[in-house]
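Hello,

Here is the structure I promised to hand over. Please open it first, then read on for what was found in it.

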Amino acid sequence: EFRRVLFRSRDKFMTKNRAIYQIRIALQEIQPSIWRRIQIGEDITLAQLHTILQIVMNWEDYHLHEFTIGRRVYSVPDPDDDMYERKVIDERQVRLCEVVPRVSTQFLYLYDFGDSWHHELLLEAIVMPDSKLQYPRCIAGERRTPPEDVGGIPGYEDYLEAIADPDHEEHENILRWRGPFDPESFSAEEVNSRLWKRFRSARKLKSPAAPV
């Protein structure tokens, strides 16, 4: 399904060039699966990975998010974290390869604490970079992500039912809210266009944090 490339001496490879992580992302508890496969630089920060996930999954970045890797939580620390006895490590200070060092590592990304969109991420492969390709990039995927603020999985199920039935009492309201919606649609080309536009602009500004 994909070309898996492993390195016995990863440190030796690192001295010559940056490795590329191939990661599969899947929304949990939704069938058929909504998933993406991306290739990204191993040394991006978790904050940069958050930005990439927002683009790849077509979210709008209106809500809070967090990564859970092992028993640790990574996000943007908030002054109220101490009040809730919530220990959060600053995602802006952590590089992906530091916390996800090995192929087959799984970790979680939660977006929107209200709708609770849980994403499972799997490091499928570590591959050599191709000078003819642009990174980050999306190489595969299926099905469209639910609309923002739809109400989580139960709300999404109701949404799909209403939009598919012209006689449903909420059909017209749903169309006015978001317009037509095809749950099966997905285009890696469109995703990559958004990714490259976002990070090409960052590189032009010579941001030291911009993925390449």
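A helix here is a DSSP run of H or I with at least four residues, a strand is a run of E with at least two, and both are numbered from the N terminus. With those names, Pro136 can be placed in the loop between β7 and β8. Keep in mind that this is a predicted model.

**Overview**

The protein chain has 212 residues, and 46% of them count as buried. It holds 6 helices and 8 strands. Starting at the N terminus, the elements follow the order α-β-β-α-β-β-β-α-β-β-β-α-α-α. Among contacts with a separation of 6 or more, 64% link residues 24 or more positions apart.

**The sheet**

The 8 strands make an open sheet, ordered β5-β4-β3-β6-β7-β1-β2-β8, with mixed pairing. Which strands stand at the edges? They are β5 (89-90) and β8 (137-142). Each has a single partner strand, so one side of each lacks a neighbour in the sheet.

Take β2 (residues 35-41) next. It is mostly covered, with 7 of its 7 residues buried. Strand β1 (residues 20-27) pairs with β2 over 7 bridges, in the antiparallel sense. Ile23 has Ile38 of β2 as its bridge partner. β2 also pairs with β8, again antiparallel, over 5 bridges. There, Arg37 has Ala140 of β8 as its bridge partner.

Now look at β6 (106-111). It runs antiparallel to β7 (residues 117-127), and 6 bridges join the two. Phe107 stands opposite Leu121 of β7. Thr105 sits in the loop between α3 (96-99) and β6. Is Thr105 buried or exposed? Its relative accessibility is 17%, and buried means under 20%, so Thr105 counts as buried. Beyond its neighbours up to four places away in sequence, Thr105 touches Val100, Leu121, Leu122 and Leu123. Leu121 thus turns up in both places: opposite Phe107 and in contact with Thr105.

**The core and α2**

In soluble globular proteins, nonpolar side chains tend to be buried together. Here the largest nonpolar core has 46 residues. Ile23, Leu49 and Leu96 touch the most other members. Helix α2 (residues 46-56) gives the most to this core, with 6 residues.

Leu96 shows what such a contact list looks like. Leaving out residues up to four places away in sequence, Leu96 touches Tyr21, Ile23, Ile40, Glu42, Ile44, Leu46, Leu49 and Phe107. Two of these, Ile23 and Leu49, are named with Leu96 as touching the most other core members.

How many residues of α2 are buried? The count is 10 of 11, so α2 is largely enclosed by the rest of the structure. The buried ones include Leu46, Leu49, Ile52, Leu53 and Val56. Gln48, His50 and Gln54 are also among them.

**Before and after α2**

Thr45 is in the loop between β2 and α2. At 8% relative accessibility, Thr45 counts as buried. Thr45 and Glu91 are 46 residues apart along the chain, yet their C-alpha atoms are separated by 6.8 Å. Apart from neighbours within four places in sequence, Thr45 is in contact with Glu91, Arg92, Val94 and Arg95.

On the other side, the loop between α2 and β3 (65-69) holds Asn58. Asp61 is in that loop too. Most residues other than glycine have a negative phi, and most peptide bonds are trans. Asn58 has a positive phi, near 65°. Asp61 is not a glycine either, and its phi is about 60°. At 42% relative accessibility, Asn58 counts as partly exposed. Asp61, at 41%, also counts as partly exposed.

**Cis peptide bonds**

Where are the cis bonds found? One joins Gln31 and Pro32, with omega about -5°. Pro32 lies in the loop between β1 and β2. Another joins Tyr135 and Pro136, with omega about 0°. As said at the start, Pro136 is in the loop between β7 and β8.

**The largest pocket**

The largest pocket holds about 250 Å³ of space. Its lining has 12 residues. Leu64, Val76, Asp78, Asp81 and Arg86 lie nearest the centre. By type, the lining splits into 5 nonpolar, 3 polar and 4 charged residues.

Best wishes

Technical notes. Residues are numbered from 1 along each chain as its sequence is written. This is a predicted model: local features need pLDDT of at least 70, side-chain atom pairs count only at pLDDT 80 or more; totals for chains, interfaces and linings use all residues. Side-chain values use heavy atoms; hydrogens and water are left out. Buried means under 20% relative accessible area, exposed over 50%, partly exposed in between (1.4 Å probe, protein chains only). Contact means heavy atoms within 4.5 Å. A nonpolar core is a set of buried Ala, Val, Leu, Ile, Met, Phe, Trp, Tyr and Cys residues joined through side-chain atoms within 4.5 Å. Two strands pair if DSSP finds at least two bridges between them. On a 1 Å grid over the protein atoms alone, a cavity is a set of points where a 1.4 Å probe fits but cannot get out, and a pocket is an open set with protein on both sides within 12 Å along at least five of seven lines; lining residues have an atom within 4 Å of a point. Grid points are joined across faces, edges and corners, and a volume is the space filled by probe spheres set on the points. Ala, Val, Leu, Ile, Met, Phe, Trp, Tyr, Cys and Pro count as nonpolar, Asp, Glu, Lys and Arg as charged, and the others, Gly among them, as polar.
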